[in-house]
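Hi,

Here is the structure I promised to pass on to you. Have a look at it first, and then read on for my notes.

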Amino acid sequence: MDILVLVKRVPMVGGKMVLTADGQDVDTRLSGFTVSPHEECAVEEAVQVTERLGGTVTVLTLGPPEAADQLRDMLALGAHRGVLLETDGREWGPIATAAAIAAAIGELGPAAFPLILAGNEAADTGGYQVGIRLAHALGRPCVTGIKRLEVAGDLLRAWRDYGGGQEEFELALPAVVGVKEGINLPRYPSLPGRLRAKRAQIEVRKPAWQADGLRKIALRVPAGSAQRARVLGHGAGAVPELIRVLGDIGVLAPAGRAEADGTVA
Amino acid sequence: MSGPVLCLVEVDDGEIAGPSQRALAVARSLASGPARADPERADPASAGLPADGGLTAVVFATLGGPADRAAADLAGQGVTELCVVASGELTCYAPVAWARAIEQLIAARSAAAVVAAATDRGAEVLAHLGALTGLPVAANCVAATATSDQNWRLLRHRWAGSLLEDAILAAPVALLTVAADAVAADAVADDGAVPEPASASPDASGQVVAPVSGGAMIPAADMPVTTFAPALQAADLRVRATQSAGQGGGMSLATARVVVGGGRGVGGPDGFAALEELAGLLGGVVGVSRVVTSQGWRPHRQQVGQTGTKISPELYLACGISGAIQHMAGCQSAKHIVAVNTDPDAPIMSRAEYAVIGDLNEVIPALVAAIRAAGGQE
Ligand SMILES: Cc1cc2nc3c(=O)[nH]c(=O)nc-3n(C[C@H](O)[C@H](O)[C@H](O)COP(=O)(O)OP(=O)(O)OC[C@H]3O[C@@H](n4cnc5c(N)ncnc54)[C@H](O)[C@@H]3O)c2cc1C
């Protein structure tokens, strides 16, 4: 089965969110770039399915020319083919993104991808809709939030968390599925995988930007993320003070009960 | 805007689900017109337009209808109509069918906006609704105001709340989801009376705070309960939950009162025994960072963060965790954060309330011993 996986290049922010002076973007001068863990898991899942059933994995991203790096990262994980819908770096909204991807799939041959996987939501914009809008554009069934899936013939069974348990869906292929981290444990790229990815040819297309109904005015970092922790002490010497704080917070009681019950030996 | 604001409400065990409470707070602020004066944010020339269509709670009757308890709670949330969507075909959750029903309800009520919690279901249904109607969807909002007929001023989360975005939505009907883990909306007065509809205004940290106290009293009985039977096609029911099963047992990370966190600093799978022991003593559970799950030290269901579980404990004791924004996005609702870290300059030091500087392999066993000793003395 040939599977298409959608990924998005996002800054790899560490301990602190820093914005550009105009407040329009995350300052990426000191950060690397990555894809969301959801998407990495989607690629891993696709690779595992093709390892069982045969076929290929194509990764597609809409982004700036540099997003080819993220496609190569995914090729190193075992994907076979990379497609870049190249932008001029402007932010694209979900409606335009889904339309551009649908058009590209039309050209790549829609029948070629009975299964399309997307990360559940993009790490940065968190719009939660490109996969679903794409499914509607292609007239396919879609389910999101998926933590486990099984492909059997033309049928796909998918599970997601619901209310402390799970709910199950059955979809006829071709279908679109939004995947969450935890569906698998992605492998580390192998050395041959990395070499292959480095040499791989990335297919480039250039869709035209379109305005979306949602327009960003500015970004800001939430207040309250710059306090300073009160240091209770160093090493084991801090334990009496720590116990006092835990007592004040009111979380020490269960221990006393457990001891009294004798449930904790 | 003139029609009602529709709010998709998820009912959990007969009660309004927590995330839906927050969605209701934002929906209520939209339905009640001008946002509270917020000199920092609001543009005086474009203060919200008053709405007169009320607030309609939309509940899908897949499980035999909402319990009376939920209905009473809804009346206490400023809801002016409870609309129960019911149809013979809708026996279980079906995302496109739910979206189709809301699409028809928008037309039937001339609705001005649709608001849902950004849960798996809420986010999914609104995205389908966006696709069916061709309308944009603004996800993970924390506040919304109508500024003119087709314009909406929004504040929304990016990066799971690590960043806030001021945005304008241009649409004849606003489709919004509300960040599911934003701080709980205040409950309304115990007597079930509705205070004057108040606006949900995000505080400086971008959390929804819904001030609802004092004001006009509307008895619960005044909230009409209507039913709506959507016209569904077979294609709308193509995808549906065929089975839902609770696993039960075990304390949930999402709701635990104490979470003992372990990160890369734990050093390996064996290091978690001490954290488990401590969590047991404190009546809590262990949560971990992504490094820990991607190393395979612990299962992903224990991961706290943007792509893991969002927690809201009384105490989060984060051991050997640096405090990356994607991790902290999962514990914004923790009441108290205590960090144990060898590095006094780790980013978590600016997010925690208290810190112990030191090796967790020394601090945690000493803490366990001290708690045991104290327990023994009781
Ligand atoms: C889109 C995206 C989503 C993500 N989602 C998540 C998520 O959901 N959850 C998540 O956790 N991460 C997530 N991450 C990853 C995140 O960016 C960090 O890489 C991760 O949280 C770091 O884990 P850590 O703190 O355990 O490791 P590190 O950052 O390596 O920190 C280890 C810390 O342990 C301390 N330490 C070391 N030894 C000891 C010792 N003996 N005693 C005490 N302290 C010690 C060190 O000083 C350091 O501060 C995401 C990343 C991206 C890009």
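Val304(B) offers a backbone N or O atom 2.8 Å from a nitrogen atom of the ligand. Leu360(B) does likewise through its backbone, with an N or O atom 2.9 Å from a ligand nitrogen. The side chain of Arg264(B) has an N or O atom 2.5 Å from an oxygen atom of the ligand. On its own the ligand has 990 Å² of accessible area, and the protein covers 83% of that. Please keep in mind that this is a predicted model.

As for the wider site, the ligand sits between chains A and B. In total 30 residues surround the ligand, and the closest are Arg264(B), Ser289(B), Ser322(B), Gln326(B) and Asn341(B). By type, the shell is made up of 17 polar, 9 nonpolar and 4 charged residues. Four elements of chain B each give two or more residues to that shell: helix H6 (290-294), helix H7 (325-328), strand S18 (336-341) and helix H8 (360-377).

Next, an arginine in chain B. Where is Arg298(B) placed? Arg298(B) is in the loop between H6 and strand S17 (315-319) of chain B. Its side chain makes a polar contact of 2.4 Å with the side chain of Glu276(B), and another polar contact, of 2.9 Å, with the side chain of Gln302(B). Beyond four places in sequence, Arg298(B) is in contact with Phe272(B), Glu276(B), Val288(B), Val292(B) and Thr293(B).

Before you set anything up, here is how the confidence looks. The model scores ipTM 0.94 and pTM 0.91. Chain A has an average pLDDT of 93, with 94% of its residues scoring at least 70. For chain B the mean is 85, and 80% of the residues reach 70 or more. Chain B has a stretch at residues 35-51 where pLDDT stays under 50, and the model gives this stretch 29 contacts beyond four places in sequence. Residues 209-219 of chain B are also below 50, with 34 contacts in the model beyond near neighbours in sequence. In chain A, pLDDT stays under 50 over residues 255-265, a stretch with 12 contacts beyond four places in sequence.

Turning to charged pairs, how many salt bridges does a search of the whole structure find? There are 32 over all chains. One of them is in chain A, where Asp161(A) pairs with Lys147(A) and the closest N and O atoms are 2.8 Å apart. This pair links distant parts of the chain, 14 residues apart: Asp161(A) belongs to strand S9 (residues 155-162), while Lys147(A) is in the loop between strand S7 (142-146) and strand S8 (148-152).

Finally, two backbone details in chain A. Most residues other than glycine have a negative phi, and most peptide bonds are trans. The peptide bond from Leu173(A) to Pro174(A) is cis, with omega near 0 degrees. Pro174(A) lies in the loop between strand S10 (165-172) and strand S11 (175-179). Tyr128(A), although not a glycine, has a positive phi of about 60 degrees. The place of Tyr128(A) is the loop between strand S6 (115-119) and helix H4 (130-138).

Happy to talk any of this through whenever it suits you.

Best wishes

Notes. Residues numbered from 1 in each chain as written. Chains lettered and ligands numbered in written order. Heavy atoms only, no water. pLDDT = per-residue confidence, 0-100. Contact = heavy atoms within 4.5 Å. Near = heavy atom within 4 Å. Polar contact = N/O pair within 3.5 Å; in protein donor to acceptor, adjacent residues only side chain to side chain. Areas by Shrake-Rupley, 256 points an atom, 1.4 Å probe, with all protein chains shown as cover. Nonpolar A, V, L, I, M, F, W, Y, C, P; charged D, E, K, R; others polar. Salt bridge = Lys/Arg side-chain N within 4 Å of Asp/Glu carboxyl O.
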